[in-house]
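Good morning, colleagues. Please look at the structure on the screen while I take you through a few of its features.

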There are 2 protein chains.
Amino acid sequence: MQRDKSHIIEDADITVGVESAVDMPTIEFSRESVEDVLKRRFFFTPSFGIYGGVAGLYDYGPPGCALKANMINFWREHFVLNESMLELDGTCLTPEQVLITSGHVAKFQDYMVKDLVTGNCSRADHLLKDVIDKTISESKDQKQIESLKDLRARCEEYDAEQLHASLTELKALSPENNPISKPYPFNLMFEAQIGPSGKNKGFLRPETAQNIFVNFKRLLEVNGGKLPFAAAQVGLAFRNEIAPRQGLLRVREFQMAEIEHFVREDDKDHPSFKDVQTLKMNLYPQGQQLGSKKLIIMSLGEAVGRGIIGNQTLGYFMARTFLFLLGCGVRREGIRFRQHLKREMAHYASDCWDAEILCSYGWIECVGHADRSCFDLTAHSAAGSEQLTAYVRHPQPITVSVVEAVLNKGEVGRAFKADAKKIETYLKSASRQQLLEFKTKLESGSNISFSVDDSKVFELTPKMVKVEQKDVKESGKNITPHVIEPSFGIGRILYTLLEHAHYIREGNTDKKEEGADKIARNVLRLPARIAPTKVSILPLLSDDALEVLIPGLQKDLARSGVSSKSDVSGVAIGRRYARTDEIGVPFGITIDYDTLKDNTVTLRERDSMDQVRIPLSEIVGVVSDLCEGRVTWEQVLSKYPRQEAKEKEEEKK
Amino acid sequence: MQRDKSHIIEDADITVGVESAVDMPTIEFSRESVEDVLKRRFFFTPSFGIYGGVAGLYDYGPPGCALKANMINFWREHFVLNESMLELDGTCLTPEQVLITSGHVAKFQDYMVKDLVTGNCSRADHLLKDVIDKTISESKDQKQIESLKDLRARCEEYDAEQLHASLTELKALSPENNPISKPYPFNLMFEAQIGPSGKNKGFLRPETAQNIFVNFKRLLEVNGGKLPFAAAQVGLAFRNEIAPRQGLLRVREFQMAEIEHFVREDDKDHPSFKDVQTLKMNLYPQGQQLGSKKLIIMSLGEAVGRGIIGNQTLGYFMARTFLFLLGCGVRREGIRFRQHLKREMAHYASDCWDAEILCSYGWIECVGHADRSCFDLTAHSAAGSEQLTAYVRHPQPITVSVVEAVLNKGEVGRAFKADAKKIETYLKSASRQQLLEFKTKLESGSNISFSVDDSKVFELTPKMVKVEQKDVKESGKNITPHVIEPSFGIGRILYTLLEHAHYIREGNTDKKEEGADKIARNVLRLPARIAPTKVSILPLLSDDALEVLIPGLQKDLARSGVSSKSDVSGVAIGRRYARTDEIGVPFGITIDYDTLKDNTVTLRERDSMDQVRIPLSEIVGVVSDLCEGRVTWEQVLSKYPRQEAKEKEEEKK
């Protein structure tokens, strides 16, 4: 069903849902502790560190790599498998023509300034923000401070001239205190010559979406020619950031997961919208951003109904994203959906909502939800060799009135010779309106005349041409579908998630470890589904009699798809638990001397630190069921005898 | 345990295992039928086809993409999870210095010739082969033909001069029949400037291994400082091939999966070798290649024992690769392990065995197994800021004799002023031999003299310096580990696998489909584990009463991680089965009118076409168990009542 476009909220013109507006949430994060864990336990590291590193490039070590792979698998299940999407895997190398068509060659750029002495480059808006911050910190003029704060909020959208004016006014220098150039655009795509001849210029893709658009026809065919359908792709994208900062949040090579959902422009309803319509989320529409700066908490049904979110499909995907983020362990209060302001919208988008996650760096854009309308398919149809359209049947055949010119080819050929073809082509592409005018003239016996190619004028008599109007039955037509695109930055979700998952537990250690009972311990509260390692295997003491059981247990766990990690170092059990808590291992199996007597082991849960005693023969099944969500920890607690844990006793004292 | 190096087989000097030698196998492939299926069902397609495509770039469509993802998941389970490897995920963008150190900037190249008229480039050895083939086809001189065949077999290893000589002798022209340039080297890496300044040259990685080497120290730390351990990485690599041919077999952007197994040079035994030593594989060692051209079939235990394969670890990984390929569905007789000839070995390798898979293009290198010795870690230690070594404890502390110069700093300082530092540095790095010579001199009362930096000569008296020799206890030392590297080209395995999995079934169709009962049908015999779609859901007829059951069933299957595909088109059931057979769907669920009465459905197996009747409440569990290998089809057949299939009845007639 076509919706009235008047729902689109103009910047600052209305403020919706004031009745449910709330202040922005705040969450305390301890970036220093998190980064200490992530670095020390090799979640990730700057790439090529032994060669001094490269800004904006990071390698994921074993826990980071496993976490990322698990998040992607969960994404595939949650989106691709659950909704039977068509997954594609296209190349990163992309010929120039594709990115000219998509608009990236012309528009995918940031403004930069060069230090006129050292030649080092800075992003113009970032430099401006730094200068503003410095000026504000030194100013006592409240009016100036307010105006600078306003400038700071807007300068990301400035063009080169505006940036230049502001930088000049504030007497900006480079970070090394040298004069700077005027801002000029820098295209953020990495160039790559394809093949040896130098004739075939290409780029590394800045987003994965284009691979899907250029394959639209083949995907449509796989879907039996029917709309709507969604295609998905998980893959790398590359952006040659001018001066990347903020660790994993702004990098030059990153993992994306994108969905392109193709729909008819006149039907953006979604059959599963009913399943999510009562879900309440934090919304931050355009009006709020420029007005009260408050969030509104609203059900999706209401938000779509009131036209705050443009259509059901966009709303449905926002809901699915919300559920995905919660499933990853992102905290509900740290997620908001912010609508793009008109001027910040990408060149292809007609409406856009970002899922932003709050972390120590502020609110970070992690998932975009854009209504790209028919921008891309239209552009590629015009530039490429294929019409990227879908044939849509009318509910019933309809009658349409067709007007066409019928030439008397003999007469025309004799009169115009070689130009006859031009005349035929011209009349074929003439507008309905013009043809009807010709019809009236010809039927009244007059000649008609028109110029082709803005030069030669041709005059035709009623003997040479007539215009016919007739009704024909049409059972369908070719349309260019619209695209709703949820686009996930996996690395950004991963980093913000780690800040959300992190907490510090005070003094819950094994007394045996000298002086350690009051040490604060890092814990990552990662859901079992995405935790890098699912279970640790710890012998109570370093003893071959206990350790001999480990390899078999690990093989059995691996066969059930459960990743495990043993720790046979001689340190106290409490300290070994703490090591696994720190990398988010949700469960721990302890083998002790009772195991040798009665074939049972202890199973410990990371966050409650509760422990139960389980027969060795059942442990693999129980852990596998816990990880796959087939049973809950509460169910395990009620089925198996509890074991009082030393670490908890300590805590109680 | 250190092995005698004399086992390494010199080119053509011996022929091992003649007693078990067999002729090369031959397998019939129907490339045309396979490619028809792969194209029509969108397993893959040339990238950017609507813009004319780019040689050597391919996009995977839904079935190809799922197949690839499933193969990678299986690889992770088989290698990473099963052997607790440390997985890493590093960047493709790589700064130049890293690839200078690794040798790729200097040596990763092919020779090319340019058409002197059009400027188009060809690979010199490929062009030479084409000319040889043409000359052979036109020649009647048996001696010339033999010599040309020999040239053809060797020319891949030729240098520029040798290629030039042969091309000139055969009067080679370009593919467009124009004169060609002399062959010259073309580096196969894609260049990419990192950052905006133009100062930071980089490349897209040509292999994933380097990310692991530069992170060696951090990985070692994750492993508790202990050797051996293996790191693994799945990711893209890029090679700017001069003129790619052969579809997926030679592409410019491809998925690799690599393992770097770090071991002590003096202990390349593997604890799990015993599990694989009775496994028999087809081996094609250097001697055979230059001699009888026959394969030898030999157990791994014997091959390592006789020194044909250099060490247990190399042999162990060859066995694991073999099992992985069989698990993917590659046919046993179409796998051979070919040892590299000395001159074709990569610049970093000391021994190398390729798993080659036979397909319609011949034997294709799909997995390399290289003993890279300590080449990479040594090179990066010298060039980077970190010593990439591991501390290895001696079984017992040993006594070593240390010789060192001890300076009287006061005396030396007074005598040489600013040069004192140079003298100290020189003596610290002096050889044991030289120090012992100094010792003798000094103790006999003579002065010693030496020149530093090939210029200034310093003379020192016995008062200024003495040389001490003493025994110290050493409990371990730092060593540079060796690396055994299995390296998988996922796309190549995928393509050859598809040729192996393909067969044609004659006339097994539903009679209702007019005239179709004798049509030959394509089937892909893909194991359930890696099949793109696990199960099809087909209503017997196009009827809402049957179709209404599909969405719930699909959701339940998805929740169990089983991908399904429904086909509600009105065509005959036999033809719909054939559609799913063609893309390798192993199981099919049919909903018919009995389902509405007794809540049972039919389950069909792809290759036997056997069918059983299963309660709707059990079907998800049964299919999930079949896909995960928890039950076999034979077990299902014996548990549930058979249903005689129409398509089989037809076949019997």
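In chain A of this predicted model, the axes of helix H2, residues 62-81, and helix H17, residues 490-501, come within 11 Å and cross at roughly 115 degrees. H2(A) is therefore roughly perpendicular to H17(A), and H2(A) passes H17(A) in a right-handed crossing.

Which residues make this contact between H2(A) and H17(A)? From H2(A) come Leu67(A), Lys68(A), Met71(A) and Ile72(A), and they meet Ile490(A), Ile493(A) and Leu494(A) in H17(A). By character, the residues of this contact comprise six nonpolar, no polar and one charged.

I turn now to chain B and a sheet. Strands of a sheet pair through backbone hydrogen bonds, either parallel or antiparallel. The sheet here is open, has three strands in the order S5-S10-S9 (chain B), and shows antiparallel pairing. Strand S5 (93-95) and strand S9 (191-193) of chain B are its edge strands, each pairing on one side only. On average, and with direction ignored, neighbouring strands are turned by 40 degrees against each other.

S9(B) and strand S10, residues 201-204 of chain B, run antiparallel and are joined by three bridges. In S10(B), Lys201(B) is the bridge partner of Gln193(B).

Finally, how are the two chains related? A turn of 179 degrees and a shift of 0.1 Å along the axis lay chain B on chain A with an RMSD of 0.4 Å. The two copies are thus related as by a two-fold rotation axis. Within chain B, the residue closest to that rotation axis is Ala192(B), at 3.2 Å (C-alpha). Moreover, 100% of the interface residues of chain B are also interface residues in chain A, so the copies meet through the same surface.

Terms used: Residues numbered from 1 in each chain as written. Chains lettered and ligands numbered in written order. Predicted model: local features only at pLDDT ≥ 70, side-chain atom pairs only at ≥ 80, totals over all residues. Least-squares fit on C-alpha atoms with pLDDT ≥ 70 in both. Contact = placed C-beta atoms within 7 Å. Axes fitted to C-alpha atoms, helices over the stretch in contact; angles between N-to-C directions. Helix = DSSP H or I, 4+ residues; strand = E, 2+ residues; numbered from the N terminus. Parallel < 35°, antiparallel > 145°, perpendicular 65-115°, else oblique. Left-handed = near helix turned anticlockwise from the far one by under 90°. Nonpolar A, V, L, I, M, F, W, Y, C, P; charged D, E, K, R; others polar. Pairing = 2+ DSSP bridges.
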